[in-house]
Amino acid sequence: MKKICFFLGWVVLMLLSSCSSDDYVDAVPGESIAVISVDSKALLAQTNKNDSENLVQQLLGVDALSDIGVDLQSPVYLFETPDGTLGLCAKVDDDDLLDDFINQTLVKRGECPPTSVHKDCNFTILKKSWILGFSSKSLLLMGPVSDMEQSKMQQLMARYLDADEENGIRSSRLFSKLDSIEAPIKLVARGQSLPEALLTPLSLGLPKDVDASRLVLAAGISVQNKVAIIDGNTFSFNENINRAMTDAHKQFRPITPAFVANVAQTDLGAVFLNMKGKALLDMIRANKGLQTLLAGINTAIDMDNILRSIDGDALLLLRENKKKMALTAKLADTNWLKDVDYWMKSTPSGSKIERQGNGTFRLIQSSQSPNDAFYFGVSDDKKFWGGTGRDVQQVLQISRLPVSSQIQNIIKGKRLALILHLNPLKTELGADMAAMLQRWMNPLLGDINTIIYIQQ
């Protein structure tokens, strides 16, 4: 009798666990390289704003979501697959109601064709390039997809919608990490999913020749006064790589107020850190992105020697476009100035270094105008400055239109901080890419103008 009761109890337990309220998440592909979770309940508690509802509402073109069969009291997930496809997953609580909404509302508005059934799931094509599919428990929206790839994507999504915990995202290490983060919006992403402008500074400390896919970013996201704050850390699931990254990150020191007001609201972005030059040089030598950035300059100027002399705060500034940059940093010594005469005599053919007076120099490489030349020098208070353009020395000064005191206070005391201003970024991306960025970000984060990443 006891064995029968135990068996019946085990069966009930298994049935309850198989019908758990979060099994809809299994539709998120297990091989996803980035996952964002948006928790409506947590957002409502903190901001009185349902961002996940706004996100789905804007994507589906819906005025009210309470009667379309989608449960937005459960977290909504955004994800990216290895081939760059983007996706959204939400919980379905009434698939018949959802099917009626699509066929009676979205079809009549010309948003999509009527739904069709494939492997017990309903499918349609939203806005000509996004495949919308749903089962009795999960809704998936994936794309953008070309006309020729839509049938293939539908078949793939049918498999995702039928996945169980063993095959979906919940079995992955990314999801386990995501689940451990306490924030209304949380993110876990492998390095290859990150934009290059973000990956380059975040991979500081990653050992040389280690692929970006080994780096993982885990972060919580909050919004304050039109500023999205990404509070995160980078690590690796590989024990040896993670140990090397942890040791490297110990070299970062708290950022002081030295340069936090030198960034203008019109600048594209900025990276702040504080460390000794030798440690920074070792990280830069292992970083392909920064090596590429310095490659042209290093042929005429011994930037390694300059970087080695740094001891304290440093600021790398991306100015009005990503091709113009400026660097300033506190120096332990200026011994490298003794080598400038040698650099001037040994520049490659077609290049030349000229003295501009007051410890200022200009490197002009072949086919460059003075406005595109690299200017560099040392200030009276022993700060290196260098970058593209005649006005680069302004990086030493407090900006006429500095970032807000709120942003400055967020940066102070952190060990690594990044700023990205969205208005200059949208200009840089162009109208089409800017519109896509706004389409996804506005309903999720609201009308923000700045993104800040701070390293924990």
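What follows is a walk through the fold, the salt bridges, one helix and a few backbone oddities of this structure.

The model is a predicted one. Its secondary structure comes to 15 helices and 20 strands. Of the 456 residues in the protein, 50% are buried. Sequence-distant pairs carry much of the packing: among contacts with a separation of 6 or more, 63% are between residues 24 or more positions apart. On the outside, the protein exposes about 22,200 Å², and carbon and sulfur atoms supply 50% of that area.

Turning to charge pairs, side chains of opposite charge can pair when their charged atoms come close. Here the count comes to 16 salt bridges. One of them joins aspartate 22 to arginine 170, with the closest N and O atoms 3.2 Å apart. Aspartate 22 sits in the loop between helix H1 (2–18) and strand S1 (34–38), while arginine 170 sits in the loop between helix H5 (150–161) and helix H6 (173–179), so this pair ties together parts that lie 148 residues apart in sequence. The two ends of the bridge fall into separate burial classes. Aspartate 22 has a relative accessibility of 33% and counts as partly exposed. Arginine 170, at 15%, is buried because its value falls under the 20% cut-off.

A second bridge pairs glutamate 111 with lysine 127, and here the closest N and O atoms are 2.7 Å apart. This pair also links distant parts of the chain: glutamate 111 belongs to the loop between helix H4 (95–106) and strand S5 (116–118), and lysine 127 to the loop between strand S6 (121–126) and strand S7 (130–134), 16 residues apart. Lysine 127 is partly exposed, with 29% relative accessibility.

In a third case, the side chains of arginine 253 and aspartate 311 meet at 2.7 Å, N to O. The link again runs between distant parts of the chain, with arginine 253 in the loop between helix H8 (239–249) and strand S12 (269–276), aspartate 311 in strand S13 (residues 310–318), and 58 residues separating them. Arginine 253 counts as partly exposed at 26% relative accessibility, and aspartate 311 counts as partly exposed at 28%. Some bridges also share partners, and in this way Asp22, Asp26, Glu165 and Arg170 are joined into one network.

Helix H8 deserves its own paragraph. Which residues of H8 are buried? They are Ile241, Met245, Ala248 and His249. These residues cover an arc of only 95° around the axis, which puts them on the same side of H8. The spacing fits the general pattern: an α-helix has 3.6 residues a turn, so residues three or four places apart point the same way. The buried residues of H8 pack against strand S11 (227–235), helix H9 (277–285) and strand S20 (450–455). On the face turned away from this buried side, H8 carries the exposed residues Glu239 and Asn240. Asparagine 240 also takes part in a contact at the start of H8, where a side-chain oxygen of asparagine 238 reaches to within 3.0 Å of the backbone nitrogen of asparagine 240.

Next, the backbone. Most residues other than glycine have a negative phi, and most peptide bonds are trans. The peptide bond from glycine 143 to proline 144 is cis, with omega near -10°. Proline 144 is in the loop between strand S8 (138–143) and H5. Two lysines show a positive phi. Lysine 128, in the loop between S6 and S7, has a phi of about 70° although it is not a glycine. Lysine 128 counts as exposed, at 72% relative accessibility. For lysine 226, phi is near 70°, again a positive value in a residue other than glycine. Lysine 226 lies in the loop between strand S10 (216–224) and S11 and is partly exposed, with a relative accessible area of 43%.

Finally, a loop residue that is not at the surface by this count: is threonine 81 buried or exposed? Threonine 81 is buried, with a relative accessible area of 5%, although it is found in the loop between strand S3 (76–80) and strand S4 (86–92). Leaving aside neighbours within four places in sequence, threonine 81 is in contact with Pro29, Ser32, Ile33 and Met142.

How values were computed. Residues are numbered from 1 along each chain as its sequence is written. This is a predicted model: local features need pLDDT of at least 70, side-chain atom pairs count only at pLDDT 80 or more; totals for chains, interfaces and linings use all residues. Side-chain values use heavy atoms; hydrogens and water are left out. A salt bridge is a side-chain nitrogen of Lys or Arg within 4 Å of a carboxyl oxygen of Asp or Glu. Helices (H or I, at least four residues) and strands (E, at least two) are DSSP runs, numbered from the N terminus. Buried means under 20% relative accessible area, exposed over 50%, partly exposed in between (1.4 Å probe, protein chains only). The arc is that of the directions from the helix axis to the C-beta atoms. Contact means heavy atoms within 4.5 Å. A polar contact is a pair of N or O atoms within 3.5 Å; within protein, one must be able to donate a hydrogen and the other to accept it, and residues adjacent in sequence count only if both atoms are side-chain atoms. Accessible areas come from the Shrake-Rupley method with a 1.4 Å probe; for residues, only the protein chains shown count as cover.
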